[in-house]
Amino acid sequence: MSAGEEAPSADPRSGTDRLVARALSAGDPTGWFEPLYAAAEQGTAVVPWDRGAPHWLLTAWAEEKVLNGGARPALVVGCGLGADAEYIAGRGFAVVAFDTSASAIRAARRRFPGSAVDYRVADLLDPPAEWQEAFDLVVESQTVQSLPDPPRRDAIARIGHMVAPGGTLVVIALARADGEEPGPWPPWPITRAEVGAFAETGLEPVRIDNVTDAGHQPPGRRWVAEFRRPDG
C-alpha cells in the first residue's frame with residue numbers, strides 16, 4: 001500500500017500497468033509490487049504513489065484528533081517508502097511498518113536512517129499471528145485500493161483484526177460510487193460497502209467521510225474512515 005525527487009517525464013503508469021498485467025495473468029494479484037520497487041531501486045522506474053511526504057488526509061485526520069501516541073503500538077499497512085510510518089512515529093507511537101516488497105523496505109530504511117520505526121517484510125494476506133488485535137492504531141492508506149477483489153475482502157478482514165481492544169483504525173482510499181466500474185488497472189477505487197466491511201471484524205464505525213482530495217490533480221473523491229474496537 002508511500003525524499004522528494006522529481007519523477008521522470010515519461011508516464012510511470014505504462015510500466016506499472018505491464019507489471020500488473022503480468023502478475024494478474026499469473027494469478028498473483030500482489031506479485032507486481034516487488035518488481036516495481038526493485039526497478040525503482042535500480043533507477044529504471046518510479047513509484048507512482050510516492051510523494052515523499054505522508055498523505056495529507058492522514059496528517060489532517062491526526063491533527064484534528066490531536067493525535068498523541070504515548071509510545072503505544074501502531075501498525076502501518078503497506079508502508080511503501082515509509083513517509084506515513086515516519087509521520088505516525090513522530091506523533092509518539094511505537095510503529096511497526098510492513099510491506100510485501102523487500103525492496104520497498106530496504107528503500108525505506110535507506111531513506112530514514114536511524115529511524116525508530118520497525119520496518120518489516122510481511123504479507124498482508126498472511127500476517128504474523130502475534131499481530132492479531134495487537135495495535136492501538138492501525139493505518140491503512142491506499143493499500144486495499146491496490147488489490148483486486150479477490151483478495152481485497154480478505155485483506156480488509158486481515159487489517160480489521162489487527163486493531164486491539166480500544167484501538168483505532170484509520171482508512172484512506174479512493175472512492176467509487178455504487179455501480180461504477182473500477183477499471184482494469186490499480187488503483188481500484190472502493191465502494192461505501194467495501195469501506196463498511198471493516199466493521200465486520202468487530203469494529204465500530206466512528207466516521208466514514210467522502211471528501212474531495214484537493215492534494216492531487218485532478219481532484220478526486222476519497223474515503224476517510226475511522227473505526228474503533230470496543231474495549232473488553
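How many bridges join β2 to strand β3, and do the two run parallel or antiparallel? Select β2 and residues 118-121, which make up β3: four bridges join them, and the strands run parallel. Keep in mind throughout that this is a predicted model.

**Confidence first**

Colour the chain by pLDDT. The average is 91, and 92% of the residues score at least 70. Now select residues 1-12. Here the pLDDT is below 50, although this stretch has 25 contacts in the model beyond near neighbours in sequence.

**The strands around β2**

Go back to β2 and show its side chains. Five of its six residues are buried, so the strand is mostly covered. Add β1. Four bridges join β1 to β2, again in parallel. For one point of register, pick valine 76: alanine 97 in β2 stands opposite. For the link to β3, pick valine 96; its bridge partner there is aspartate 118.

Next, follow the connections. Leave β2 through helix α5 (residues 102-111) and you arrive at β3; this β-α-β crossover is right-handed. Then show helix α4, residues 83-90. With β1 and β2 it makes a right-handed β-α-β unit.

**Into the core**

Select Leu75, Val138 and Leu169. These have the most contacts inside the largest nonpolar core, which has 35 residues. Several elements give two or more residues to this core, among them α1 (12-25), β1 (73-77), β2 (94-99), β4 (135-141) and β7 (220-228). β5 supplies the largest share, four residues.

Centre on leucine 75 and show what surrounds its side chain. Leaving out residues up to four places away in sequence, leucine 75 touches Val96, Phe98, Trp131, Phe135, Leu137, Val138, Val139 and Met162. Now select Leu58, Trp61, Ala74 and Val76. These belong to a second, separate core of 23 residues.

Why might neighbours along a strand end up in separate cores? In a regular strand the side chains alternate between the two faces of the sheet. Check this in the viewer: Leu75 is in the largest core, while Ala74 and Val76 are in the second.

**Aromatic pairs**

A search of the whole structure finds six aromatic pairs. Select tyrosine 37 and tryptophan 49. Their ring centres are 6.2 Å apart and their planes stand at 70°, so the pair is edge-to-face. Tyrosine 37 sits in helix α2, and tryptophan 49 in the loop between α2 and α3 (56-65), 12 residues apart. Which of the two is buried, and which is partly exposed? Tyrosine 37 is buried, at a relative accessible area of 3%. Tryptophan 49 is partly exposed, at 22%. Add Trp32 and Phe33 to the selection: with Tyr37 and Trp49 they form one aromatic cluster.

Move to tryptophan 131 and phenylalanine 135. This pair is also edge-to-face, 6.1 Å centre to centre with 80° between the planes. Both residues are buried, and leucine 75 touches both.

**Last stop: alanine 45**

Select alanine 45, in the loop between α2 and α3. Its relative accessible area is 28%, so this alanine is partly exposed. Apart from neighbours within four places in sequence, alanine 45 is in contact with Leu36, Ala39 and Ala40. Finally, draw a C-alpha to C-alpha distance from alanine 45 to alanine 199. The two are 37 Å apart in space and 154 residues apart in sequence.

Terms used:
Residues are numbered from 1 along each chain as its sequence is written. Side-chain values use heavy atoms; hydrogens and water are left out. A nonpolar core is a set of buried Ala, Val, Leu, Ile, Met, Phe, Trp, Tyr and Cys residues joined through side-chain atoms within 4.5 Å. Buried means under 20% relative accessible area, exposed over 50%, partly exposed in between (1.4 Å probe, protein chains only). Contact means heavy atoms within 4.5 Å. Two strands pair if DSSP finds at least two bridges between them. A crossover is right-handed if, with the strands pointing away from the viewer, the path from the first strand over the helix to the second runs clockwise. pLDDT is the predictor's confidence in each residue, from 0 to 100. Rings of Phe, Tyr and Trp (its six-membered ring) pair if their centres lie within 6.5 Å; planes under 30 degrees apart count as stacked, over 60 as edge-to-face and the rest as tilted.
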